[in-house]
Amino acid sequence: MIKAWIKFLAAAVFSLLLLCSCSRDMTEQENSPYTVSFFAMDTYMEIRVYGERAKEAAEAAQAEILRLDGLLSVSSESGDVAKINSFGEGKLSGDTAALLEMSLELYENTGGAFDVTVGPVMELWGFRDGNYRVPSSEELSQVLPLVDSEKIDYGSAERTVKLGEGQKIDFGGIAKGFASDRTAEILRNAGVSSAWISLGGNVQTVGGKPDHSRWRIGIRDPKGSAESYLAVVSVENQAVITSGNYERYFIDEETGKRYHHIIDPSDGLPSDNGLASVTIVSDSGVLADGLSTSLFVLGVEKGADYWREHRGEFQAVFVTEDGKIYITEGLEACFTSDREYEVIR
Ligand code: AMP
Ligand code: MG
């Protein structure tokens, strides 16, 4: 009888210990993320996923980003974009077609500030192969007529595309946002309710933090180091995507002048309107990415007008070269900064 009691007690203690260790595992899973980090789309990516299904979900998302990279990169020979660029025409997969449609819509809506046919100009400046150089005005004027989305012949029913002679498409201004939307979708479909996705500093969030507070996303100081922030936006379930002239650039040895990678399609030169960065906050990553590039080219005033016409779709933070900050009205409640800022209404 005493033996039976001892056995029972031992079993009870063992079960209790097991239960404790399981529940500790669960809490750990909830509070510490499963993280994958890797290099894709020419940049460093990190996905932090919380909850029980974090590992499978994060790994599935990583695999999908690598697939999209192959499809959309200008240098991946078997992908849609590289093929279309070398043959000038072809049939697109559903994803590439969706991205092209979005790009053409942005071209229309922004009066050509966003132009996916910017490829030949990117090549001319050396942003494609890293052989940076300042092109002559003759070279630029030869290539500039190729930057014109009007010349793309796109048939949405069959997803066929024909580029104008010599044209090349470049999804660099929008592909990361497309990939972060897809990542968020994969995670949500796997039942994940809390995740932080950073594709080269462009952040997309799933839900809030595990403790249900909002994610605090830093906006980089264009004049500071990679770790210095001039403001924070608190968000959940949204994308926070920045285009900045400090992200990719080269300095001309002769003149000491800096040339960055966001091109004004009207003259083929790096956009030079006094802006240092534009951050877009939106439910849609692809829209945020496309618009961060577009509004960078449009500048503060035209960018503010664009927001007034589309204020239901996104909010924006503009930072100028001389350190001024402008935020759109919808960010007032979730924007914090030690610096002064003006609200666009
Ligand atoms: P982002 O960092 O999202 O602003 O994207 C910049 C990238 O977009 C560049 O590296 C180019 O690949 C591409 N790009 C540059 N200028 C434009 C433009 N005006 N319209 C569309 N894409 C552009
Ligand atoms: Mg962009």
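Which residue in strand 18 is the bridge partner of Val233? In this predicted model, Val233 pairs with Phe335.

## The 8-9-18 sheet

That bridge belongs to an open sheet of three strands, laid out in the order 8-9-18 and paired antiparallel. Strand 8 (215-220) and strand 18 (335-336) are the edge strands, and each pairs on one side only.

Strand 9 covers residues 229-235, and its antiparallel pairing with strand 18 rests on two bridges. One of the residue pairs here is the one we opened with, Val233 and Phe335.

## The 3-5-4 sheet

There is also an open sheet of three strands with the order 3-5-4, again with antiparallel pairing. Strand 3 (89-91) and strand 4 (153-155) each have a single partner strand, so one side of each goes without a neighbour in the sheet. If you ignore direction, neighbouring strands here are turned by 5° against each other on average.

Look at strand 4 and strand 5 (residues 160-162) for the details: they run antiparallel and are joined by three bridges. Within that pairing, Gly155 sits opposite Thr160 of strand 5.

## Helix 2 against helix 7

Now for the helices. Helix 2 spans residues 54-72, and helix 7 spans residues 175-189. Their axes are 9 Å apart and the packing angle is about 150°. An angle over 145° counts as roughly antiparallel, so that is how helix 2 runs relative to helix 7. The crossing is right-handed.

On the helix 2 side, the contact uses Ala57, Ala58, Ala60, Ala61, Glu64, Ile65, Arg67, Leu68 and Leu72. Helix 7 answers with Ala175, Phe178, Ala179, Arg182, Thr183, Ile186 and Leu187. Sorted by class, the residues of this contact come out as 12 nonpolar, one polar and three charged.

## Helix 2 against helix 4

Helix 2 also meets helix 4 (residues 94-109), with the axes coming within 10 Å and crossing at roughly 70°. The two helices are therefore roughly perpendicular to each other. Helix 2 passes helix 4 in a right-handed crossing.

Which residues of helix 2 meet helix 4? They are Glu64, Arg67, Leu68, Leu71 and Leu72, and they touch Asp95, Thr96 and Leu99 in helix 4. This contact has four nonpolar, one polar and three charged residues. Glu64, Arg67, Leu68 and Leu72 are worth picking out: they take part in the contact with helix 4 and also in the one with helix 7.

## Helix 4 against helix 8

Helix 4 has another partner in helix 8, which runs over residues 285-309. Here the axes come within 11 Å and cross at roughly 5°, which makes the pair roughly parallel.

From helix 4, the contact is made by Leu99, Met102, Leu106 and Asn109. From helix 8 come Val286, Leu287, Gly290, Leu291, Ser294 and Tyr306. By class, that is seven nonpolar, three polar and no charged residues. Leu99 turns up here and also in the contact with helix 2.

## The magnesium ion (ligand 2)

Which protein atoms serve as donors of the magnesium ion (ligand 2)? They are Gly173 (O), Asp289 (O), Asp289 (OD) and Thr293 (OG1), at 2.0 to 2.5 Å from the ion. Note that Asp289 shows up with both O and OD.

If you want to find the site in the sequence, the donors follow the spacing G-x115-D-x3-T along the chain. Asp289 and Thr293 both sit in helix 8, and because they are four residues apart there, about one helical turn separates them. Helix 8 thus supplies Asp289 and Thr293 to this discussion as well as the contact residues that face helix 4, Gly290 and Leu291 among them.

Technical notes. Residues are numbered from 1 along each chain as its sequence is written. Chains are lettered from A and ligands numbered from 1 in the order in which they are written. This is a predicted model: local features need pLDDT of at least 70, side-chain atom pairs count only at pLDDT 80 or more; totals for chains, interfaces and linings use all residues. Side-chain values use heavy atoms; hydrogens and water are left out. Two strands pair if DSSP finds at least two bridges between them. Axes are lines fitted to C-alpha atoms, for helices over the stretch in contact, and angles run from 0 to 180 degrees between N-to-C directions. Angles under 35 degrees count as roughly parallel, over 145 as roughly antiparallel, 65 to 115 as roughly perpendicular and the rest as oblique. A crossing is left-handed if the near helix is turned anticlockwise from the far one by less than a right angle, and right-handed if clockwise. Contact means heavy atoms within 4.5 Å. Ala, Val, Leu, Ile, Met, Phe, Trp, Tyr, Cys and Pro count as nonpolar, Asp, Glu, Lys and Arg as charged, and the others, Gly among them, as polar. Donors are N, O and S atoms within 2.8 Å of the metal (3.2 Å for Na, K and Ca); water is not among the atoms, so sites may look incomplete.
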